[in-house]
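User: I have a model open and would like to walk through it. Can you take me from the overall fold down to single residues?

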Amino acid sequence: MTASLFFSGVVNFLLGGLLGAMGGLFGIGGGLIAIPVLGYLYGMDQQLAQGTSLVMIVPNVVIAFWRYKQRNKIEWSTAAMMCAPAVVATYFSARLATAIDARSLHFCFAVFMAVLALYYLWTLLRRAPAVVRPVVLGRRWIPFVGLSAGASAGFFSVGGAIVAVPLLTAFFGMTQTAAQGLGLAMVTPGTLVALWTYAHAGHVDWAVGIPMALGGVLSISWGVALAHHLPERRLRILFCGALLLLSVWMMVGG
């Protein structure tokens with residue numbers, strides 16, 4: 001029994017390492033890929049897969065925020081305007097996700113993956129955007145970014161920063177760096193709230209999630225380093241294509 005548990009822990013650790021390296025290599029993907037992997041390899045339903053993936057996502061988000069804060073300035077007043085509604089939206093959307101039919105959530109997640117893949121393909125294939133971005137909306141609309149990102153983070157357990165960053169750059173004239181910092185500041189408490197909500201509903205497998213989290217934390221920097229030595233743009237295009245195929249597979253075969 002002990003040997004079996006040890007072997008399972010090693011397998012989960014290695015899987016987390018692989019997913020963490022993928023997240024570092026592609027910039028997105030660690031938690032996003034973990035959810036369908038947990039569903040197909042471990043037979044988890046959608047809620048359990050999303051809750052378990054959060055165990056791996058939380059430390060990666062915290063570490064990313066800590067490293068960003070060391071090197072960049074964060075506008076804390078703006079972050080607070082986003083964070084409060086994001087946490088509230090994360091909690092209620094996570095409650096909804098743990099209560100609805102697992103197959104319906106599975107299909108919604110597949111559609112979400114397809115939309116993300118198409119968006120990233122578009123950003124990679126379009127011409128370089130202008131350096132100076134116009135301000136379309138005023139600061140009073142910032143809390144709605146938090147609401148949108150928090151809803152995504154709670155319902156799908158991933159995607160908070162992915163939703164927030166393009167909104168901040170497109171409508172509030174922020175640079176990519178400033179938007180990423182605010183996105184990390186916002187999703188850090190939100191992911192903790194999402195994990196607590198899924199765990200409280202019984203949708204977390206800690207025996208799988210903790211070894212995966214340890215493997216992911218140790219390997220994500222390797223993926224980042226590898227990304228600087230490979231044709232990153234081509235890799236991301238291929239990755240987006242894989243996400244599209246995986247999302248179609250989930251819709252058809254889920």
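Analyst: The protein chain has 10 helices and 0 strands. Bear in mind that this is a predicted model.

User: What pattern does the chain follow along the sequence?

Analyst: The pattern reads α-α-α-α-α-α-α-α-α-α.

User: And how much of it counts as buried?

Analyst: The protein chain has 254 residues, and 47% of them count as buried. Its accessible surface is about 12,800 Å², with 71% of that belonging to carbon and sulfur atoms.

User: Among contacts with a separation of 6 or more, what share comes from residues 24 or more positions apart?

Analyst: Such pairs account for 84% of those contacts.

User: Ok, the core. Which residues touch the most other members of the largest nonpolar core?

Analyst: Met82, Phe109, Val158, Leu168 and Met212 do, in a core of 65 residues. Helix H5 gives the largest share of this core, 10 residues.

User: What is Met212 in contact with, sequence neighbours within four places aside?

Analyst: Met212 is in contact with Asn12, Phe13, Leu15, Gly16, Leu19, Ala34, Leu38 and Met56.

User: Asn12 is on that list. Where is Asn12 found, and is it buried or exposed?

Analyst: Asn12 is found in helix H1, residues 2-26. It counts as buried because its relative accessibility is 5%, and the cut-off for buried is under 20%. With neighbours within four places left aside, Asn12 is in contact with Tyr42, Ala207, Val208, Pro211 and Met212.

User: Now the surface. Which residues make the nonpolar patch?

Analyst: The patch is made by Phe6, Val10, Phe13, Leu14, Trp206, Ile210, Leu214 and Leu218, and comes to about 810 Å². Helix H1 and helix H9 (206-227) each supply at least two of the patch residues.

User: Take Ile210. Which helix is it in, and what is its relative accessibility?

Analyst: Ile210 lies in helix H9. Its relative accessibility is 42%, so it counts as partly exposed.

User: And Trp206, where does it sit and what is it in contact with?

Analyst: Trp206 is in helix H9 too. Its relative accessible area is 42%, so Trp206 is partly exposed. Apart from neighbours within four places in sequence, Trp206 is in contact with Val55, Leu195, Ala199 and Pro211. The C-alpha atoms of Trp206 and Thr52 are separated by 6.9 Å, although the two residues are 154 apart along the chain.

User: Leu195 caught my eye there. What does Val58 contact?

Analyst: Leaving out neighbours within four places, Val58 is in contact with Thr191, Leu192 and Leu195. Val58 is in helix H3 and is buried, with a relative accessible area of 9%. By C-alpha atoms, Val58 is 9.4 Å from Val187, which is 129 residues away in sequence.

User: Staying with H3, what about Gln46: buried or exposed?

Analyst: Gln46 is buried, because its relative accessible area is 6% and the limit is under 20%. Gln46 is in helix H3, which covers residues 46-71. Beyond neighbours within four places, Gln46 is in contact with Ile35, Ala102, Leu105, His106, Phe109 and Met250. Its C-alpha atom is 9.0 Å from that of Ser104, 58 residues away along the chain.

User: Phe109 again. Which residues does it form a ring cluster with?

Analyst: Ring pairs link Phe109 with Phe112, Phe155 and Phe156 in a cluster.

User: How many aromatic pairs are there in the structure?

Analyst: The structure holds 7. One of them is Tyr119 with Trp122: the ring centres are 6.2 Å apart and the planes are at 45 degrees, so the pair is tilted.

User: Where do Tyr119 and Trp122 lie?

Analyst: Both lie in helix H5 (residues 102-125), 3 residues apart, which is about one turn of the helix. Tyr119 counts as partly exposed, as its relative accessibility is 29%.

User: Last one, Ala80. Which helix, and how far is it from Met186 in space?

Analyst: Ala80 lies in helix H4, residues 76-99. Ala80 and Met186 are 7.7 Å apart from C-alpha to C-alpha, with their positions 106 residues apart in sequence terms. Ala80 is partly exposed, with a relative accessible area of 47%.

Methods
Residues are numbered from 1 along each chain as its sequence is written. This is a predicted model: local features need pLDDT of at least 70, side-chain atom pairs count only at pLDDT 80 or more; totals for chains, interfaces and linings use all residues. Side-chain values use heavy atoms; hydrogens and water are left out. Helices (H or I, at least four residues) and strands (E, at least two) are DSSP runs, numbered from the N terminus. Buried means under 20% relative accessible area, exposed over 50%, partly exposed in between (1.4 Å probe, protein chains only). Contact means heavy atoms within 4.5 Å. Patches are made of residues with over 30% relative accessible area and no salt bridge: like charges are joined within 9 Å, nonpolar side chains (Val, Leu, Ile, Met, Phe, Trp, Tyr) within 5 Å. Accessible areas come from the Shrake-Rupley method with a 1.4 Å probe; for residues, only the protein chains shown count as cover. A salt bridge is a side-chain nitrogen of Lys or Arg within 4 Å of a carboxyl oxygen of Asp or Glu. Rings of Phe, Tyr and Trp (its six-membered ring) pair if their centres lie within 6.5 Å; planes under 30 degrees apart count as stacked, over 60 as edge-to-face and the rest as tilted. A nonpolar core is a set of buried Ala, Val, Leu, Ile, Met, Phe, Trp, Tyr and Cys residues joined through side-chain atoms within 4.5 Å.
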